[in-house]
Amino acid sequence: MPRSKNPRDLLTPAALHILMTLASGSLHGYGIKHAVEERTDGRLSLGPGTLYEAIHRMAADGWIEEVESSGRRRIYRITEVGRNVLTDELSRLDDIVSYARDADLIPKPT
């Protein structure tokens, strides 16, 4: 059960990027870290503490789940709840960007 009534209260940039990564398929922690760094051109680098704290919190909240464990390597996947959280957050961010474009705060796409 989620710790918060509003999942966005817990959605950090790290959590958002982890969910986006796992939406494409199951991965282990190092694979998640690498995919996030690659997608963000290194602007978001997840240290072990940040990465595994987010993974443990999201697993406890039911957003992701461990699907396989081999020694120290654990494979995670996004759950339906996690997909809903991700969709809601991306929609919220899209609304913010749309508002900023309408207010001429950022350029409209060409």
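In which crossing, left-handed or right-handed, does helix 1 pass helix 4? Keep that in mind while you set up the viewer.

This is a predicted model, where local features need pLDDT of at least 70 and side-chain atom pairs count only at pLDDT 80 or more, while totals for chains, interfaces and linings use all residues. Residues are numbered from 1 along each chain as its sequence is written, and side-chain values use heavy atoms, with hydrogens and water left out.

**Stop 1: helix 1 itself**

Select residues 13-23, which are helix 1. Helices here are DSSP runs (H or I, at least four residues) and strands likewise (E, at least two), numbered from the N terminus. Of the 11 residues in helix 1, 8 are buried, so the helix is largely enclosed by the rest of the structure. Buried means under 20% relative accessible area, exposed over 50%, and partly exposed in between (1.4 Å probe, protein chains only). To colour the buried set, pick Ala14, Ala15, Leu16, His17, Ile18, Leu19, Thr21 and Leu22. Their cover includes strand 1 (27-28), helix 2, helix 3, strand 2 (64-70), strand 3 and helix 4. Just after helix 1, click on Gly25, which has a positive phi of about 150°.

**Stop 2: helix 4**

Now add residues 80-102, helix 4. Two packed helices are described by the angle between their axes and the distance between the axes. For helix 1 and helix 4, that is about 120° with the axes 10 Å apart. Axes are lines fitted to C-alpha atoms, for helices over the stretch in contact, and angles run from 0 to 180 degrees between N-to-C directions. That angle makes helix 1 oblique to helix 4; under 35 degrees counts as roughly parallel, over 145 as roughly antiparallel, 65 to 115 as roughly perpendicular and the rest as oblique. And the opening question: the crossing is left-handed, meaning the near helix is turned anticlockwise from the far one by less than a right angle (clockwise would be right-handed).

Show side chains for Leu16, Leu19, Met20 and Ala23 on helix 1, and for Gly82, Arg83, Val85, Leu86, Glu89, Leu90 and Leu93 on helix 4; these make the contact (heavy atoms within 4.5 Å). By class there are 8 nonpolar, 1 polar and 2 charged residues. Ala, Val, Leu, Ile, Met, Phe, Trp, Tyr, Cys and Pro count as nonpolar, Asp, Glu, Lys and Arg as charged, and the others, Gly among them, as polar.

**Stop 3: helix 2**

Next, select 29-39, helix 2. Its axis and that of helix 1 come within 10 Å and cross at roughly 105°, which makes helix 1 roughly perpendicular to helix 2. His17, Ile18, Met20, Thr21 and Leu22 of helix 1 meet Ile32, Ala35, Val36 and Arg39 of helix 2.

**Stop 4: helix 3**

Residues 48-60 are helix 3. The helix 1 and helix 3 axes come within 10 Å, crossing at roughly 70°. Look for Ala14, Ala15, Ile18 and Leu19 against Thr50, Leu51, Ala54, Arg57 and Met58. Glu53 also lies in helix 3, but is exposed at 56% relative accessible area.

**Stop 5: the core**

Which residues have the most contacts inside the largest nonpolar core? Ile18, Leu19, Leu22, Ile32, Met58 and Ile64, out of 20 residues. Such a core is a set of buried Ala, Val, Leu, Ile, Met, Phe, Trp, Tyr and Cys residues joined through side-chain atoms within 4.5 Å. Helix 1 gives the largest share, 6 residues. Finish on Leu22, which, leaving out residues up to four places away in sequence, touches Leu27, Ile32, Ile64, Tyr76, Arg77 and Ile78.
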